[in-house]
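Let's take a walk through this chain together, starting with the overall picture and then stopping at a few individual residues. Keep the viewer open as you read.

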Amino acid sequence: MGTNGSTMLEPLRQGLPPLDPAAVSNAASCALPARYEAVREARKFTRRTLDQWELGYRFDDVCLVVSELVTNALRHALPAGAQRVPEQAPPVRLHLMRWTERLVCAVRDPSDDSPVARDSDDFSAESGRGLFLVDSFSDSWGWHPLAGTLSGKVVWALFRLQAAGSPGAAAGPVE
């Protein structure tokens, strides 16, 4: 199974990860509050989930990407000073999905604006580098608007996993 254009810096606009949703072997998601502590909560959720799935060896890269996607969702997708009514659905949601050799993390937010990687020559700048980090640490990424009556979008990043029995993977019988 080859993927086309996986080395492009441009995200796959309005694309879905090249995976069959019916073949997902594990999936987990958590709602995140519209507060900056949500980034810490997202990291803890990611750590617990990857440990359960025995994917702890990918935690550093995945956690960095999750942190950036959640930070972007909070920074760019929530109206400034918006106060949420408690019974409303939380505005940001993190999804982790695992296939045999792929892991996808996806962050849903209520903004219809497409994610934009800002050009910044100032590498000491605090913002503007998030999507470059996502691009650097994941194997591919993209986004798509939510369908139907839902407003907002999903930004996703895909990570390749080692197949069981390959070097560095958990030891198992080799056929």
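A good place to begin is with how the chain contacts itself: among contacts between residues at least 6 apart in sequence, 68% join residues at least 24 apart. Keep in mind that what you are looking at is a predicted model. The chain contains three helices and six strands, and if you trace it from the N terminus, the elements come in the order β-β-α-α-β-β-α-β-β.

How much of the chain is buried? Of its 175 residues, 39% count as buried. On the outside, the chain exposes about 10,400 Å², and carbon and sulfur atoms supply 52% of that area.

Now turn to helix α1, which spans residues 37-52. On the surface you will find a patch of positive charge, where R40, R43, K44 and R48 gather. Two members of this patch deserve a closer look. R48 lies in helix α1, and it counts as exposed because its relative accessibility is 53%, while the cut-off for that class is over 50%. R43 is also found in helix α1, but with 34% relative accessibility R43 counts as partly exposed. Setting aside residues up to four places away in sequence, R43 touches F59, C63 and S67. You can also check its spacing to V65: the two residues are 22 apart along the chain, and their C-alpha atoms are separated by 9.9 Å.

Moving on along the chain, stop at E54, in the loop between α1 and α2, the latter covering 59-77. What is the phi of E54? It is near 55 degrees, a positive value in a residue other than glycine. That is worth a glance, because most residues other than glycine have a negative phi. E54 has 66% relative accessibility, so it counts as exposed.

Our last stop is F137, in helix α3, which runs over residues 130-137. Is F137 buried or exposed? Neither label fits: with a relative accessible area of 34%, F137 is partly exposed. Once its neighbours within four places in sequence are left aside, F137 is in contact with R58, D61, L64, V65 and F159. V65 thus appears here as a contact of F137, having already served as the partner in the C-alpha distance from R43. To finish, compare F137 with L158: they are 21 residues apart in sequence, and their C-alpha atoms lie 9.5 Å apart in space.

Conventions:
Residues are numbered from 1 along each chain as its sequence is written. This is a predicted model: local features need pLDDT of at least 70, side-chain atom pairs count only at pLDDT 80 or more; totals for chains, interfaces and linings use all residues. Side-chain values use heavy atoms; hydrogens and water are left out. Patches are made of residues with over 30% relative accessible area and no salt bridge: like charges are joined within 9 Å, nonpolar side chains (Val, Leu, Ile, Met, Phe, Trp, Tyr) within 5 Å. Accessible areas come from the Shrake-Rupley method with a 1.4 Å probe; for residues, only the protein chains shown count as cover. A salt bridge is a side-chain nitrogen of Lys or Arg within 4 Å of a carboxyl oxygen of Asp or Glu. Lys and Arg count as positive and Asp and Glu as negative; His and the chain ends are not counted. The place of a charge is taken as NZ of Lys, CZ of Arg, CG of Asp or CD of Glu. Helices (H or I, at least four residues) and strands (E, at least two) are DSSP runs, numbered from the N terminus. Buried means under 20% relative accessible area, exposed over 50%, partly exposed in between (1.4 Å probe, protein chains only). Contact means heavy atoms within 4.5 Å.
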